Amino acid sequence: MTDVWEVGDAYEPYVGRWSRMVATAFVRWLGDVGEGVRWLDVGCGTGAVTATVLAEAAPAAVAGLDPSPAFVRYAARRVADPRAAFLVGDATALPLLDGAVEAVVSGLVLNFVTDPARALAEMVRVASVTVGVYVWDYAEGMGMMRAFWDAAVALEPGAAALDEGPRFPLCRPEPLAAAFLAAGLSSVDTMPIDVPMRFRDFDDFWQPFLGGQGPAPAYAMSLPEGRRAALRDRLRAELPYDPDGGISLTARAWAARGTV
């Protein structure tokens with residue numbers, strides 16, 4: 001099954017709203033890159049990290065790059081700032097000269113790249129100061145997806161092959177740090193970033209899985225109607241509810257940074 005990332009209006013309620021919360025803590029954690037410098041956001045998606053850099057880091061310019069033309073168009077509409085520019089491109093072949101920007105960042109992307117090592121090498125090549133990324137802790141800390149896959153596998157053990165936890169061992173601090181060191185970065189550091197996930201009710205939790213964006217929603221939409229209803233009902237029964245009917249979970253991302 002192919003991971004689909006191209007419909008911004010479906011991506012935003014699924015993980016975009018949580019990524020924006022992580023991005024703020026992430027950009028602040030990167031430290032002082034310097035005001036009035038150039039940034040590149042690799043795999044910019046709907047523009048969460050680009051918008052955060054503009055709001056938090058006082059850059060001269062931010063370029064957002066993504067392989068999806070639909071995401072690039074969505075981000076360009078959403079991020080209305082003359083310092084921002086968006087282009088279609090591949091993380092493993094960045095269309096920039098060596099040292100073209102001071103900072104390269106990437107949110108929720110590295111594990112989906114066909115060759116993460118090559119992508120990191122490209123980020124190091126075009127950066128002159130720092131490289132930083134963050135990815136979801138699919139194995140444990142990303143509560144929404146963990147609940148989904150635990151329920152899916154309980155109903156159909158074969159779904160385990162699609163679970164992002166086992167699929168993406170890179171999304172842990174030790175492999176992330178090792179990848180950064182292998183790319184030639186120094187002063188490598190990692191940090192967990194936890195953000196609260198508050199859903200108004202079960203529908204607020206479930207509806208984003210029907211948008212088809214990413215492995216879990218794609219799996220949900222691949223199921224026959226009866227099996228999808230069984231998955232929905234199992235989740236409805238197993239999720240923790242607040243007294244007002246809301247659902248409170250936690251989303252954990254792992255961030256990594258290194259100096260060029």
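Visitor: What makes the charged end of Arg257 count as sitting over the ring of Trp29?

Guide: The charged end of Arg257 is 4.1 Å from the centre of the Trp29 ring. A charge sits over a ring if NZ of Lys or CZ of Arg is within 6 Å of the ring centre and within 35 degrees of the ring normal, so Arg257 is described as sitting over Trp29. This is a predicted model, in which local features need pLDDT of at least 70, side-chain atom pairs count only at pLDDT 80 or more, and totals for chains, interfaces and linings use all residues. Residues are numbered from 1 along each chain as its sequence is written, and side-chain values use heavy atoms, with hydrogens and water left out.

Visitor: Why is the aromatic pair of Tyr138 and Phe168 called tilted?

Guide: Rings of Phe, Tyr and Trp (its six-membered ring) pair if their centres lie within 6.5 Å; planes under 30 degrees apart count as stacked, over 60 as edge-to-face and the rest as tilted. Tyr138 and Phe168 lie 5.6 Å apart, centre to centre, with 50° between the planes, so the pair is tilted.

Visitor: Which aromatic pair links helix H5 to helix H9?

Guide: Trp149 in helix H5 pairs with Tyr219 in helix H9 (residues 215–222), 70 residues apart. Their ring centres are 5.5 Å apart and the planes 45° apart, a tilted pair. Helices (H or I, at least four residues) are DSSP runs, numbered from the N terminus.

Visitor: How do you know whether Trp149 is buried or exposed?

Guide: Buried means under 20% relative accessible area, exposed over 50%, partly exposed in between (1.4 Å probe, protein chains only). Trp149 has 1% relative accessibility and therefore counts as buried.

Notes:
Helix = DSSP H or I, 4+ residues; strand = E, 2+ residues; numbered from the N terminus.
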